[in-house]
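Dear colleague,

I am handing over the structure we spoke about, and my notes on it come after the display. Please have it open while you read.

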Amino acid sequence: MDTAMTDMPAAGAPLRAARSAVVDLGSNSVRLVVFEGHGRNPLAIFNEKAVLGLGRGLVTTGRLNEDAVEQALTVMVRYHTVARAMGADPVEVLATAAVRDAANGAAFIAALRDRLPDLVIRVLTGDEEGRLSADGVLLGFPGADGVLGDIGGGSLELVELAHGRAGRVASLPLGAIRLAERAGGEVQRGRALADEEFARVPWLPEANGRDLYLVGGAWRALARMHIAQTAYPLSIVHHYALMREEARDLAGVVMAATRRTLERMPGAPSKRLSDLPWAAVVLRRLLRASGARRVVFSANGLREGWYARRLPSETRQADPLLAAAQDLATRFGRDPRLPGALARWTSGLFETESPTDAALRIAACWASDIGSHDHPDYRAEHSYFRVLRQPGVGLDHHARAFLALAVALRYEAAPEATYIQAARVLLDLPAVRRAETLGAALRLAYTLSGGTPELLAGTEIERRGGRLVLRLVEGTGVFAGESVLRRVEALAAVLGLEAAVEVAG
């Protein structure tokens, strides 16, 4: 085969979006993430982690783990090569607690610069680490209020969050590896050490009755274990929340478990088993010290904070729910003019609508055409999972379920279809009813318009007393055929109204 043919881009292929890469050089693991684009929701197209334990032994030796240093240098060369091959620019390394605290940390960085002289490397202070992590959390929780806790292998960063703004920062030597070594492997001693450290943070009790946002692999592992053990219907840690007592009970079970017991627990990660009890100790004592009412797990942290700082301010300030829906529409939809028209067309269907409900309805209008290029027999199912599992960081589990259900029903998913039951479990009954109403309304709108705003403009839907009235403008290309009448009646039935069609000249 002619190599020129294999090397040619496809005709009309879009130019590749800009890429950037960051390496999180931590006390326990080293991770490369390559982001694509500069959208409100980070899109990670490559994510690789090596668990090296660079900070193990730091408490007793004061030095980086010599066995891990050479491995780390080798891994870093690979990560740099991968990032450059993927076209990432910039590529930056963020080194955290182990490197900044170790006596041989500077020598390690010097050796890394010898091997990769063009690589940008930043050794973060505890304050810088905390603030970057806060930027990442706020990208996913723009109104976060309470305290952020970011646990690594060497340190725990605490950041005060007040209605979407980061405040005071504390960096404590309570990383899972460091606490285990400081406590000599004794959990009781670990509890006492954690209490001593938290007592040095005078503003921590101000989180009483507010939320605790948890970042870090060890804490995410606890969330995954709880998801697995409770058969929760969505295996996504980001935005997973536990009330205070649930979190305390989970931490208590993990603290008391032997390694053999942990190995048998559903969802327990084999590479983090030794760290889990210490992450649980820190969580339980942090709940006690802060008085937080709830814990919320975040998949966003340091790396996403680095990404966030590269975004224009107007992009960072955009609504994350709408941005996620618009991303889906841009990638999979047919006409970017239609969602706004649909939002206006559906606005009169709900007699009472909170700002949150209105935002979900508008987002559903944006996501409503994402199955247009799928096989007709699978549009409902593909669209449902595309929404439910999409990577938008600002979508909580309720929003994911609502949008997924509404879009699936827009594509005529059978109400009893097995795959949509997870969404029904995640929603309360009023939310299910709103999703059913919106799904039926969107199905009618697409039948009338063929997915074009021009045809939709010749129609109007309104509640009028006990009737649902569809008005059609004569001569605009729309008419009340059998499928239209059937879908008007279906929408009216969901609303408990009588269907009517009017034709205006």
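The notes below go from the whole chain to a few of its parts.

Please bear in mind throughout that this is a predicted model. The secondary structure of the protein chain comes to 23 helices and 14 strands. Its C-alpha trace spans about 85 × 65 × 40 Å along the principal axes, and the radius of gyration is 26 Å, which agrees with the value near 23 Å that a compact globule of 505 residues would have. Of those 505 residues, 55% are buried. Among contacts in the protein chain with a separation of 6 or more, 71% are between residues 24 or more positions apart.

As for the surface, the protein chain exposes about 21,600 Å², and carbon and sulfur atoms supply 51% of that area. The chain carries 60 positive and 58 negative charges, and the mean positions of these two sets lie 4 Å apart.

Two helices deserve a closer reading, and I begin with H12, which covers residues 276-290. This helix has 15 residues and reaches 21 Å from its first C-alpha to its last, close to the 21 Å expected at 1.5 Å a residue. Because 12 of the 15 residues of H12 are buried, the helix is largely enclosed by the rest of the structure. The buried positions include Trp278, Pro277 and Arg285, together with Val281 and Val282. Just after H12, Gly291 takes a positive phi of about 70°.

The other helix is H6, made up of residues 126-140, which has 15 residues and reaches 22 Å between its first and last C-alpha, close to the 21 Å expected at 1.5 Å a residue. H6 is mostly covered, with 12 of its 15 residues buried. Among these buried residues are Glu129 and Asp135, as well as Gly126, Gly130, Gly136 and Gly140.

Finally, I would draw your attention to Gln188, which is found in helix H8, a helix of residues 187-199. With a relative accessible area of 57%, Gln188 is above the 50% cut-off and is therefore classed as exposed. The C-alpha atom of Gln188 is separated by 9.1 Å from that of Val281, although these two residues are 93 residues apart along the chain. Val281 is one of the buried residues of H12, whereas Gln188 is exposed, and this pair may be a convenient place to begin when you look at the model.

With best regards

Key: Residues are numbered from 1 along each chain as its sequence is written. This is a predicted model: local features need pLDDT of at least 70, side-chain atom pairs count only at pLDDT 80 or more; totals for chains, interfaces and linings use all residues. Side-chain values use heavy atoms; hydrogens and water are left out. Helices (H or I, at least four residues) and strands (E, at least two) are DSSP runs, numbered from the N terminus. The expected span of a helix is 1.5 Å times one less than its number of residues. Buried means under 20% relative accessible area, exposed over 50%, partly exposed in between (1.4 Å probe, protein chains only). The radius of gyration is taken over C-alpha atoms; the globule rule is 2.2 Å times the number of residues to the power 0.38. Contact means heavy atoms within 4.5 Å. Accessible areas come from the Shrake-Rupley method with a 1.4 Å probe; for residues, only the protein chains shown count as cover. Lys and Arg count as positive and Asp and Glu as negative; His and the chain ends are not counted. The place of a charge is taken as NZ of Lys, CZ of Arg, CG of Asp or CD of Glu.
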